Amino acid sequence: MIARVLVDVPAKAVNRLFDYVVPPVLAGSLEVGMRVIVPFGNRELMGYALELGEESDSGRELKPISTILDIESYLTPELIELAKKISIDTATILIRVLETMLPSALKAVYTVKLRLLDPTGLSAPLRALFREGEEITFSDSRNELIPDLKKAIRNNQIRQLYDIKSRNRPQTERAVILTDSGYLPKTEKHQSVIAFLKTRDGFSAPVLETLQQCGVTESVLKTLEKRSVLRIFDQEKYRPAFLSRVEEDKRVVFNPEQQAVFAEILRHLDQPETFLLHGVTGSGKTEIYLAAIEQVVQRGKQVIFLVPEISLTPMMVRRFQARFQNRVAILHSGLSVGEKYDEWRRIIRGEVEIVIGARSACFAPFSRLGMIVVDECHESTYKQEDMPKYYAVDVAIHRCRHFGIPLLMGSATPNIETYARYKRGYIRLLELSHRANQSSMPEVEVVDMKQEFKTGNLASISAKLKEAIETCLARKEQSILLLNRRGYSPFVICRDCGNVIRCPNCDISLAYHEVDHSLKCHYCGHKEDIKKACPKCGSANLRFMGTGTQKIETEIEAMFPSAKIIRMDNDSTRTKNAHEKLLDAFQEEGDILLGTQMIAKGLDFPRVTLVGILQADGHLFNADFRSPEKTFQLITQVSGRAGRGSLPGKVIVQAFNPSHYAIRFAVENDYQGFYQYEMGIRKSAKYIPFYFLTEIRLSGPNVRDVFLRGREIAATLRRGLSEEAIVLGPVLPPVSRINNRYSCQLLVKYRKEDRLDDLLFELVDKYQDEDIYVNIDKSPM
């Protein structure tokens, strides 16, 4: 038997499968997708057995596989084919794609070891090195010996070896199992233990739980073990991936509109149909998801449910657990290495039918997949910004086609290109035009902050919004305030010389954070103490400019000293389970929830009657053709948090450009009007959905070299593509230096270019080197 192995080396030169002989002792155990250790050159490496066959086409003598690392495979054949496709689409080497798919616990750890072969003629330091034994572990503390070691290795006096260990370590707990159920206990304590174990599945329970329930000490268990009545052993224990708060399964009766949508989904459960569930905020999309998923699970199939933000995961998990109990797993970046590894194994072992999670959950290793649901499908967070730059919605589409199953996407504000696909007949549209509980949409009022400033109010909170919050507090109702910028102030400026304190690693200003009185870079993570004087002129006349969530928190604390304020942004949610704890705190005792875009969608609090949007046009004029669309979506989504219960809702939108079409259509809750207007602009500018886009981004330590390489790539593209293709750039992005690496970008607009994939791979192969990295993105967000 032959195994075709992808070795764990992230290099273009070895981005292919290598043939190895499967030893007879492993022939019955090795499966496609398992990790193996193989000889590669003069060392051993971890690799993935991606294919099995009977013969090799290499024409050379093959080496045997050394051993296997897994008892069970963590990759399905379908995921392997998906990884190959993503590798082509993103021009990324395959091992990087597999590392992205799999839990990081499965990545091997390589330890360098040195084995003494012949001590004759070794230098004194090397002889001292091997004084403790003939094989030692090499560490960085011995770097001064590297020249002598290299010479000894060339002279075959020392051999370099690699100890390969897997990072995955199952967690265990001590357990006890009753082995003689007919034993007649002689004491009350023995009787208590035996009676308790007989009530448990398999007559087994954790030792700690047994001791607590029976009120005995461990010596009682050991006595029974000596008499062969029970056995104490170590059993595997999954690490809990979320807080265990049980909620009641609240089933609802569908209104006629919901019932019609649900019936249409049921008619296509066994077909590769793509649905767009376009429903206003509060229209009951989640209840339809739950009902459809329940039908799929009852048919013995499995479901992936994608949410755009980790902050939405706890609320969704509770609703799903209430209905499906422990048949739910979660996957997202907030899990620890061990938690994600345990959840992945629960999925592989068939112990769950439903996976809920953010972007990375699209790779859940189900083999009986029956449906994929993408909630808030318009969100840009479904796009991976690091290589490989996959788009989770595209991954979901591909997997649904493979399994021949439906894809259900839901949003109150679908992407322009998604809605255009419905218009062209590629997607089936399902509509919910009214709120589920017959409540009305919130009243929306716009405040022109230019006029507010003219009246002398220089605060971030307008007079109307302040009055509305006071009314809300007096009625014991809740408010949500959105400002899509974290920190206290975006930059610090010297009022004498005009110097802005900047990040030493990036071309961006440092933001001031009041919580720890520090200046932070939101790109590279650089942090330093607040300056007492200008580093350029020495003046102490420094001014904090702009507004972030921390500054707004300070202002509203002064305005409403008795209010309980919960701030939710990237700074306040860094700790374990922070999202869940903050949302629980707001639901139980909070008055005002202040946050960034993570609070804008998916949250359902019946007592929220007021939403205030600060700086609604704050990102409207970014260098991004999607800025109007993102602004429209954000305003519409966060407005939908108000008035979802029996109480009427109100929304106050603060902006300096209230007449902009994105704000105007959002205030009127007019998606169709926005869609038609935006399509006209996109058509004239030749953007999605009229043209496909591919972005090529180069980065390197020298801006001149990066830019010249970009010009070479642009010339190559113009020669290699048809005349209809449009190549723009290279240009410097708004932040041209991040972490001491400069970047430039090119944009290709095209309708049909058969050679594009091959050309992109050629570009990466030709123009990427140790200094300059070439990044391909075929679905730039």
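Visitor: How many helices and strands does the protein have?
Guide: Happy to start there. This is a predicted model, where local features need pLDDT of at least 70, side-chain atom pairs count only at pLDDT 80 or more, and totals for chains, interfaces and linings use all residues. Residues are numbered from 1 along each chain as its sequence is written, and side-chain values use heavy atoms, with hydrogens and water left out. Taking DSSP runs numbered from the N terminus (helices H or I, at least four residues; strands E, at least two), the protein has 23 helices and 34 strands.

Visitor: What radius of gyration does the protein have, and why does it agree with a compact globule?
Guide: The radius is taken over C-alpha atoms, and the globule rule is 2.2 Å times the number of residues to the power 0.38. For 781 residues that rule gives a value near 28 Å, so the protein agrees with it at 30 Å.

Visitor: What share of the residues of the protein counts as buried?
Guide: Buried means under 20% relative accessible area, exposed over 50%, and partly exposed in between (1.4 Å probe, protein chains only). Of the 781 residues, the buried share is 53%.

Visitor: Which elements are included in what covers the buried residues of α18?
Guide: Helix α18 covers residues 578–589 and reaches 16 Å from its first C-alpha to its last. Its buried residues are A578, H579, E580, L582, L583, D584, A585 and F586. The cover over them, with contact meaning heavy atoms within 4.5 Å, includes α11 (313–324), β20 (478–482), β26 (565–568), β27 (592–595) and β28 (608–613).

Visitor: Which strands stand at the edges of the open sheet β2-β1-β4-β3-β5?
Guide: Two strands pair if DSSP finds at least two bridges between them. In this five-strand sheet the pairing is antiparallel; β1 (residues 2–7) and β4 (residues 43–53), for instance, are joined by six bridges, with I2 opposite G53. Each edge strand has a single partner, so one side of it is left without a neighbour in the sheet; these strands are β2 (18–21) and β5 (67–68).

Visitor: Which residue of β34 stands opposite E695?
Guide: E695 brings us to strand β30 (residues 692–700), where seven of nine residues are buried. β30 pairs with β33 (residues 741–750) in the antiparallel sense over nine bridges, and there R697 stands opposite Q745. β30 also pairs with β34 (residues 773–777), again in the antiparallel sense, over five bridges. In that pairing, the residue opposite E695 is D777.

Definitions and conventions
Expected span 1.5 Å × (residues − 1).
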